[in-house]
Amino acid sequence: MKMNDENIKKIADNLPFGLGVFFVDGGNYEPVIINTAFVELFDIDIAAVQRKKELAELVLSESVRHEKIRFDRSGAGDFRWYRIDARRLEIEGREISVVCVSDVTEETEAAVEQQKMRTMYEAAVSDTGIVVWEYDIAAHRVIMADNEFTRYDYSKFDLAKVIENAPYSLASKIADADVEKFLGIYRAVDGGAPEASCEVWYKLTPGQEPRCEQIRLFTVFGDDGEPVSALGIGRNITEQKLAEKKYELAYKELEEAHPMSLGSFHLNLTTNWCGNGKSPLGFVLKQQEKGTADSYFQEFAKLIADEDVREKYFKIFTREALLRQFENGVTNVSIEYPIEYEDGTRHWRSGLLFMLRNPITGDIEAVTYAIDIDDRKRNELIMEKLTGSSFEYIALIDPKHNLFKLCNKKNGDLCGSVGEKSDYAGFIDFVKTNYERQDGEEPYENALAADKIAGRLEEEGPFTLVYDGAGPDRSRHIQLKFSWLEKPGGLILVMQSDITEAFEEQQKRLAQVQEALLREAKANEAKSVFLSSMSHDLRTPLNGIIGFIDFAIREEDPQKRMDYLLKVRSSSELLHDLINDTLELSRIESGKVSIECEAVPAREITPAVITALRPAAEMKGVEIEMNLLSSPDTLLWVDKLKMQKIVLNLVSNAVKYTHQGGRVRVSVIKLDPPENGCNQRLIVEDTGIGMSSEFLGRIFEPFAQEKRSEALSVEGTGLGLTIVKRYVDLMKGRITVQSKVHEGTKFMIDLPVKYAADRELIKESKAADEAVLKGKNVLLCEDNLVNTEIAVLLLKEKGLNAECAENGRIGLEKFEQSETGYYDIVLMDIRMPVMDGLETAAAIRKLSREDAGTVPVVAMTADAFEESRIAAAEAGMNGYVTKPIDPENLYRTIAEVLS
């Protein structure tokens with residue numbers, strides 16, 4: 001062998017372990033082959049190999065050595081572990097020592113650490129009471145672990161260390177209800193599940209305590225991925241399960257304990273939670289809305305209608321206080337409290353709270369109840385009153401021995417001392433001296449005789465006698481109540497009470513009842529007058545309509561026929577006004593009318609109304625003067641329609657009741673400073689026929705019209721001033737009137753009016769050009785044939801083409817089937833069968849065609865209420881025309897929406 005043999009050196013350097021081959025001669029050795037790993041492991045070089053003591057011992061050893069040694073290869077305290085294989089060989093007559101060395105420091109230390117962990121594991125298993133075993137899947141064999149607790153536990157159940165035919169041989173130890181769960185986890189790991197677990201109860205056997213065990217199996221897989229075995233761990237959870245059952249049973253008992261509870265909640269006092277509320281009363285359930293126990297206690301306290309009880313409640317019912325009490329062994333608390341319902345009635349409740357510890361979380365939980373104790377509490381209060389302030393004294397009468405005994409008294413020297421027996425005649429003298437008998441009553445000696453009282457009790461049962469106070473106590477009213485104490489024929493119980501307040505309250509209520517009856521009589525009279533006036537005022541124009549229509553039908557002279565028709569038109573307009581005013585007054589009285597303000601130029605209110613009325617006044621020969629101090633462009637924040645109605649009713653009335661040559665003066669004055677909160681004053685005065693002072697007292701009553709010869713020819717509904725008064729009241733204003741017969745009338749209205757900013761929306765009326773109507777196609781949805789015919793005739797007069805649909809469904813189908821843009825406008829009745837106008841308008845707006853969102857839809861209905869206008873707008877309608885149809889209003893509305 002030669003050291004410079006490069007081929008041998010290369011082979012040696014590629015070995016995965018250190019190799020050293022040495023010639024040995026006595027106590028000396030000489031390296032033949034030393035690979036790189038050998039040099040690195042021993043931290044040597046070839047020239048210095050003989051300086052290593054450990055190496056020399058290995059090389060010169062005559063025996064074969066297989067060992068693991070630990071030495072410091074660098075001398076710096078860096079000890080490492082090495083596996084050594086050394087032996088002597090003889091080749092060609094020479095002694096050769098071959099040494100193989102591998103660094104096994106990491107695997108050695110890992111084995112040491114593994115052993116340490118196993119030792120710690122076994123100690124932990126024993127300390128925590130965990131049973132451990134291995135399950136051989138192929139052999140169906142269970143091998144119990146070799147730690148002290150496992151040995152103790154499996155021997156207690158007569159189990160061997162090695163159990164064959166597992167898990168079936170173990171099933172006999174498991175409670176019947178849990179056998180399938182137990183076998184199921186073993187089947188799961190047999191099938192390759194990485195882990196499985198269950199909780200099972202062992203069968204009860206004599207001399208053994210109940211046992212519940214949590215079992216977990218962890219599968220071990222082989223190199224081929226198939227399950228080989230499973231590690232089993234069993235933990236005794238009997239105490240926990242018993243605690244959980246006790247907890248569940250306690251909750252169930254609490255829930256069943258108060259089936260008639262008015263309110264029940266679950267609380268977690270530890271985590272500050274509240275929920276699971278049960279109550280038939282909505283306001284009770286609000287206590288859990290915020291979801292915390294703290295908020296529950298706060299909301300509960302708000303229900304308590306007594307400051308003293310609430311103060312006591314807060315000393316007990318807080319989380320901190322309750323947790324302290326629980327730690328001190330208190331598990332339930334209660335409080336009695338009064339509450340008041342929304343209707344003002346007062347009730348008594350008992351609030352109960354039971355606490356228990358959750359065995360799983362360790363939290364302190366609670367269940368609360370509210371129990372109705374009205375009857376018991378009221379009985380207690382009654383007894384308290386009976387023995388306290390309600391009765392001035394309570395006494396016993398012995399009719400057989402004619403004795404009197406005072407048992408209890410409120411104050412004063414009443415019939416002797418409490419507890420003493422006295423002659424019954426003294427009681428009669430006391431009543432006779434202090435109380436006056438009412439007219440017609442029997443003398444005291446007869447009415448209060450002991451045998452007479454006993455006789456009445458036998459005949460009619462308990463009874464009372466009422467007396468008035470004597471002398472300075474005349475204002476007092478005293479009641480003596482007599483009843484048997486225990487049984488008929490025995491002692492008689494007499495109780496005296498002061499019923500002055502009750503008597504006065506009774507008199508007060510009697511007066512209230514009489515007053516209510518008087519009001520009801522007046523209301524019935526007013527209703528009769530109203531119905532009579534309504535019947536008369538409706539029949540008057542209706543008679544004219546029916547009569548003149550009949551004349552017109554029979555009349556052949558065209559000029560007379562036209563005169564009759566004009567009179568029909570006049571009567572129908574009056575009937576229309578009457579119906580509108582009656583409906584509006586009805587809505588006002590029912591509270592359905594509200595003030596809807598908007599920014600309006602001043603010129604669109606009083607000046608606009610007077611401009612409209614001036615032609616009629618001029619035809620009658622009445623002059624209208626205006627004195628408007630405000631700028632016509634001033635913006636007012638008012639309800640435009642109601643303001644116009646006020647001006648219209650006052651001015652039109654003034655014109656109607658003023659003779660030819662008379663004058664009506666309208667003034668608007670700014671009040672600076674304001675008077676009673678009002679800053680605008682409207683004055684309407686005329687030189688008309690005036691009103692008597694007697695009539696001024698009922699001028700604002702419905703249908704009120706003074707029956708004078710000068711006014712007989714004036715037509716009107718008698719509701720105009722009533723509506724004006726109601727509107728002024730709604731606007732929080734004030735109306736006054738001055739009038740003299742044959743001299744004229746002056747109305748003065750003060751209103752609080754706000755001024756609008758320029759940026760606010762202004763709704764100004766715009767003149768519509770009716771020229772746009774001609775040739776337009778109209779879809780008319782109307783179910784009434786007469787209304788349909790009238791509408792078609794009116795539309796044709798302006799050159800519009802109308803197509804009709806008798807209900808909303810047909811109208812929707814016609815619009816869907818038409819070409820886009822064919823219909824220029826839709827006129828829609830609101831109340832129709834199959835599909836009403838609101839539904840139809842909304843359905844049109846939802847269609848997927850270009851004109852569905854742009855085609856104008858105008859409501860044409862007999863419903864004139866503001867709510868209906870709002871509903872129509874919400875359904876997508878652009879305009880609103882009321883029936884009976886005013887042709888000019890219809891044309892103007894159509895022109896506006898088309899423009």
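**Salt bridges in the predicted model**

A salt bridge joins glutamate 460 to arginine 456, with 3.2 Å between the closest N and O atoms. The model here is a predicted one. Both partners sit in helix α15, which covers residues 450-460, and because they are four residues apart, about one helical turn separates them. Neither side of this pair is tucked away: glutamate 460 comes out as partly exposed, at 46% relative accessibility, and arginine 456 is also partly exposed, at 23%.

Helix α21 (residues 720-730) offers a similar story, with aspartate 729 and lysine 725 four residues apart and thus separated by about one helical turn. Their side chains meet in a salt bridge, at 2.9 Å from N to O. Aspartate 729 has a relative accessibility of 38%, so it counts as partly exposed. Lysine 725 lands in that class as well, with a relative accessible area of 22%; the cut-off for buried is under 20%.

Elsewhere in the chain, glutamate 180 pairs up with arginine 187 in a salt bridge, and here the closest N and O atoms are 2.2 Å apart. Arginine 187 is partly exposed, its relative accessible area being 39%.

Not every contact of this kind is a simple pair. Glu675, Arg681, Arg734 and Asp750 are tied together in a network of salt bridges. Taking the structure as a whole, the count of salt bridges comes to 28, including the glutamate 460 to arginine 456 pair in helix α15 and the aspartate 729 to lysine 725 pair in helix α21.

Technical notes: Residues are numbered from 1 along each chain as its sequence is written. This is a predicted model: local features need pLDDT of at least 70, side-chain atom pairs count only at pLDDT 80 or more; totals for chains, interfaces and linings use all residues. Side-chain values use heavy atoms; hydrogens and water are left out. A salt bridge is a side-chain nitrogen of Lys or Arg within 4 Å of a carboxyl oxygen of Asp or Glu. Buried means under 20% relative accessible area, exposed over 50%, partly exposed in between (1.4 Å probe, protein chains only). Helices (H or I, at least four residues) and strands (E, at least two) are DSSP runs, numbered from the N terminus.
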